[in-house]
Amino acid sequence: MRLELAGPLARLTLERAEVLNAGDARFARDLKAAVATLGARPEVRVIALTGAGRAFSTGVDLTALAHGEVGLADFIAWEDAMTAMERMDKLFIAGINGHCREPEERLIPSMSLWRLPRLIGLARAKELILLGESVSARTAERYGVVNRVVAAGDFAPAFEATIERFLALPPASARASKVLATRAFDVDFEAFRKEMETLLAGCLESAEHRRAMAEIRARKPRAR
């Protein structure tokens, strides 16, 4: 895979186009290493993730799996990377430029079993997980698996426009919102409120908040 760093933006491209970006053992290791690199770069705020060629990713490389070249340690490394992406305070944007699915390999789809019911509801998640059938991009959008669908010819400009929108967000509040939203299903209300209050205090003390308040005061001076 290819990792490109440019100030607050990083681009992570899955580069096994010859197998539709299916993942083998090296893929899992490289993904984990790339995510660790991103976690160690505080200046990076937004990561644009996409696949080379005509697919985003078709999941596990079945040929490698069938030849015993992918094992439990590789699945764990892959999941470690996915979990780190979720928990990191950086914003990940997936530009899904083609096929994106879990192939049928007589296994279970890892932590998708935990994530998907929370994302789209239990009944629909069970149907997709158990049947393993492909759905169209529009159906994925209707289910809530993807946020927005555009025509293939509009993909690149739409993806870049989305990246710019996220880069324009105020860093402190965006980081806090991402972290808290990810925790919403993990902790009870009171524990979540305590975490929220801690991060809210940080937002109130941030330079970007002070600048925003100064701009408001300059535009709308208080009547005396």
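This is a dialogue between a colleague and a modeller on reading a predicted model of one protein chain.

Colleague: Before we turn to single side chains, how many helices and strands does the protein chain have, and what share of its residues is buried?

Modeller: The model is a predicted one, and its protein chain has 10 helices and six strands. Buried residues make up 33% of the 224 residues, and the C-alpha atoms fill a box of roughly 75 × 40 × 35 Å when the box is taken along the principal axes. Among contacts between residues at least 6 apart in sequence, 75% join residues at least 24 apart.

Colleague: Let us take the aromatic rings next; how many aromatic pairs are there, and how should I read the geometry of F27 and W78?

Modeller: Two rings pair if their centres lie within 6.5 Å, and planes under 30 degrees apart count as stacked, over 60 as edge-to-face and the rest as tilted. By this rule there are two aromatic pairs. F27 and W78 form one of them, with 5.0 Å from centre to centre and 50 degrees between the planes, and this pair is tilted. The pair links distant parts of the chain, since F27 belongs to helix 1 (residues 25-39) and W78 to helix 3 (residues 72-87), 51 residues apart. Both F27 and W78 are buried.

Colleague: And what kind of aromatic pair do F155 and F159 form?

Modeller: F155 and F159 form a stacked pair, the centres being 5.6 Å apart and the planes 25 degrees apart.

Colleague: Where do F155 and F159 lie, and how far apart are they along the chain?

Modeller: The general idea comes from helix geometry: an α-helix has 3.6 residues a turn, so residues three or four places apart point the same way. In this case F155 and F159 both lie in helix 7 (residues 155-167), where they are four residues apart, about one turn of the helix. Their exposure can be read against a cut-off, with buried meaning under 20% relative accessible area and exposed over 50%. F155, at 23% relative accessibility, therefore counts as partly exposed, while F159 is buried because its relative accessible area is 9%.

Colleague: Staying with helix 7, how does its end-to-end span compare with what its 13 residues should give?

Modeller: At 1.5 Å a residue, the 13 residues of helix 7 should span 18 Å, and its end C-alpha atoms are 18 Å apart, so the two values agree. The buried residues of helix 7 are A158, F159, T162, I163 and L167, and what covers them includes strand 2 (9-14), strand 3 (46-51) and strand 5 (91-95).

Colleague: Which residues does T50 touch, and is T50 buried or exposed?

Modeller: T50 lies in strand 3, and at 16% relative accessibility T50 counts as buried. Leaving aside residues up to four places away in sequence, T50 touches L12, T13, L14, F56, G95, N97, F155 and F159, so that list includes both members of the stacked pair F155 and F159.

Colleague: Turning to charges, how many salt bridges does a search of the whole structure find, and which residues form one with R2?

Modeller: The search finds 14 salt bridges. E4 forms one with R2, the closest N and O atoms being 3.5 Å apart, and E15 forms another with R2, at 2.1 Å between the closest N and O atoms. E15 lies in the loop between strand 2 and helix 1, whereas R2 lies in strand 1 (residues 2-6), so the pair ties together parts that are 13 residues apart in sequence. As for exposure, E15 counts as partly exposed at 39% relative accessibility, E4 as partly exposed at 37%, and R2 is partly exposed with a relative accessible area of 33%.

Colleague: How far apart are N and O in the salt bridge between D24 and R16, and are these residues buried or exposed?

Modeller: The side chains of D24 and R16 meet at 3.3 Å, N to O. D24 is buried, with a relative accessible area of 18%, and R16 is buried with a relative accessible area of 18%. Salt bridges that share partners join R2, E4 and E15 into one network.

Colleague: Where does R118 lie relative to W114?

Modeller: R118 lies over the face of W114, at 3.7 Å from the ring centre.

Colleague: Finally, which residue caps the N-terminal end of helix 9?

Modeller: D188 caps that end, a side-chain oxygen lying 3.2 Å from the backbone nitrogen of E190. The 16 residues of helix 9 (residues 189-204) should span 22 Å at 1.5 Å a residue, and its end C-alpha atoms are 22 Å apart, which agrees.

Key. Residues are numbered from 1 along each chain as its sequence is written. This is a predicted model: local features need pLDDT of at least 70, side-chain atom pairs count only at pLDDT 80 or more; totals for chains, interfaces and linings use all residues. Side-chain values use heavy atoms; hydrogens and water are left out. Rings of Phe, Tyr and Trp (its six-membered ring) pair if their centres lie within 6.5 Å; planes under 30 degrees apart count as stacked, over 60 as edge-to-face and the rest as tilted. Helices (H or I, at least four residues) and strands (E, at least two) are DSSP runs, numbered from the N terminus. Buried means under 20% relative accessible area, exposed over 50%, partly exposed in between (1.4 Å probe, protein chains only). A charge sits over a ring if NZ of Lys or CZ of Arg is within 6 Å of the ring centre and within 35 degrees of the ring normal. The expected span of a helix is 1.5 Å times one less than its number of residues. Contact means heavy atoms within 4.5 Å. A salt bridge is a side-chain nitrogen of Lys or Arg within 4 Å of a carboxyl oxygen of Asp or Glu. A polar contact is a pair of N or O atoms within 3.5 Å; within protein, one must be able to donate a hydrogen and the other to accept it, and residues adjacent in sequence count only if both atoms are side-chain atoms.
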